[in-house]
Amino acid sequence: MANSEKNTRTKLTEYLELFMEDGILYCIYKDVELVDLAIAKKCVQDRLNFIGQETYPSFFDITRIKQSTKDARDYLANEGNDLVSASAILVGSPMLKMSANFFIMVNKPQNPTRLFTDRKSALEWLEKYKK
């Protein structure tokens, strides 16, 4: 994966692969059947531990998540958004796409948030939020 590229550091957690690359934080979710509030909090804590006190534009690949609870989505849109300057969310399935669009419209994340179906477009959009 990106580990061979310049300026990269990586951490694997129970639910995530986290890595930094050229000023962007990548949060790649592993196979998860249901993201509930406890899992959402664990993922946010793992992300915060990884980045310290720095704010980054973040790429969230949720293509391997099957479902999420309303409590988890609410948390991720608000308190769970700490130290994220912008969120690009990559989805794969039509069901996830619908759910993620609903998340963005209803939960109104406090930072710029967009839904993408291809990685390249997501990363291009995040470029303008880099320091």
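What percentage of the 131 residues in the protein chain is buried? In this predicted model, buried residues make up 47% of the chain. That figure is a handy way into the overall build, which comes next.

Start with the fold elements. The protein chain has four helices and eight strands, and going along the sequence they come in the order β-β-β-β-α-β-β-α-β-α-β-α. The radius of gyration is 13 Å, close to the 14 Å that the globule rule gives for 131 residues, so the chain is as compact as a globular protein of that length. Laid along its principal axes, the C-alpha trace spans about 35 × 25 × 25 Å. Contacts tell a bit more about how the chain comes together: of those with a separation of 6 or more, 72% are between residues 24 or more positions apart.

Now for the outside. The accessible surface of the protein chain comes to about 7100 Å², and carbon and sulfur atoms account for 52% of that surface. As for charge, there are 19 positive and 18 negative charges, and their mean positions sit 3 Å apart.

Some of these side chains pair up, and the structure holds six salt bridges. One of them joins Asp-31 to Arg-64, with 3.1 Å between the closest N and O atoms. Asp-31 is found in the loop between strand 3 (24-29) and strand 4 (32-35), while Arg-64 is in the loop between strand 5 (56-61) and strand 6 (65-68), so this pair ties together parts that are 33 residues apart in sequence. With a relative accessibility of 57%, Asp-31 counts as exposed because the cut-off for that label is over 50%. Arg-64, at 38%, counts as partly exposed.

Another salt bridge stays within a single helix. Asp-46 and Lys-42 meet through their side chains at 3.0 Å, N to O. Both residues belong to helix 1 (residues 37-51) and are four residues apart, or about one turn of the helix. How much of each partner is left open to the outside? Asp-46 has a relative accessible area of 7% and is buried, whereas Lys-42, with 34%, is partly exposed.

A further bridge links Lys-131 and Glu-54, whose closest N and O atoms are 2.9 Å apart. Lys-131 is in the segment after helix 4 (119-127), and Glu-54 is in the loop between helix 1 and strand 5, so the pair ties together parts that are 77 residues apart in sequence. Lys-131 is exposed, with a relative accessible area of 78%, and Glu-54 counts as partly exposed at 38% relative accessibility.

Finally, a look at a single strand residue. Where does Ser-85 lie? Ser-85 is part of strand 7 (residues 84-90). Its relative accessible area is 22%, so Ser-85 falls in the partly exposed class, given that buried means under 20%. Leaving aside residues up to four places away in sequence, Ser-85 touches Thr-55, Tyr-56, Pro-57, Asn-111, Pro-112 and Tyr-129. For one of these neighbours, Asn-111, the C-alpha atom is 6.0 Å from that of Ser-85, although the two residues are 26 residues apart along the chain.

Methods: Residues numbered from 1 in each chain as written. Predicted model: local features only at pLDDT ≥ 70, side-chain atom pairs only at ≥ 80, totals over all residues. Heavy atoms only, no water. Helix = DSSP H or I, 4+ residues; strand = E, 2+ residues; numbered from the N terminus. Rg over C-alpha atoms; globule rule 2.2 N^0.38 Å. Buried < 20%, exposed > 50% of the residue type's maximum accessible area, 1.4 Å probe, protein only. Contact = heavy atoms within 4.5 Å. Areas by Shrake-Rupley, 256 points an atom, 1.4 Å probe, with all protein chains shown as cover. Lys, Arg positive; Asp, Glu negative; His and termini not counted. Charge placed at Lys NZ, Arg CZ, Asp CG, Glu CD. Salt bridge = Lys/Arg side-chain N within 4 Å of Asp/Glu carboxyl O.
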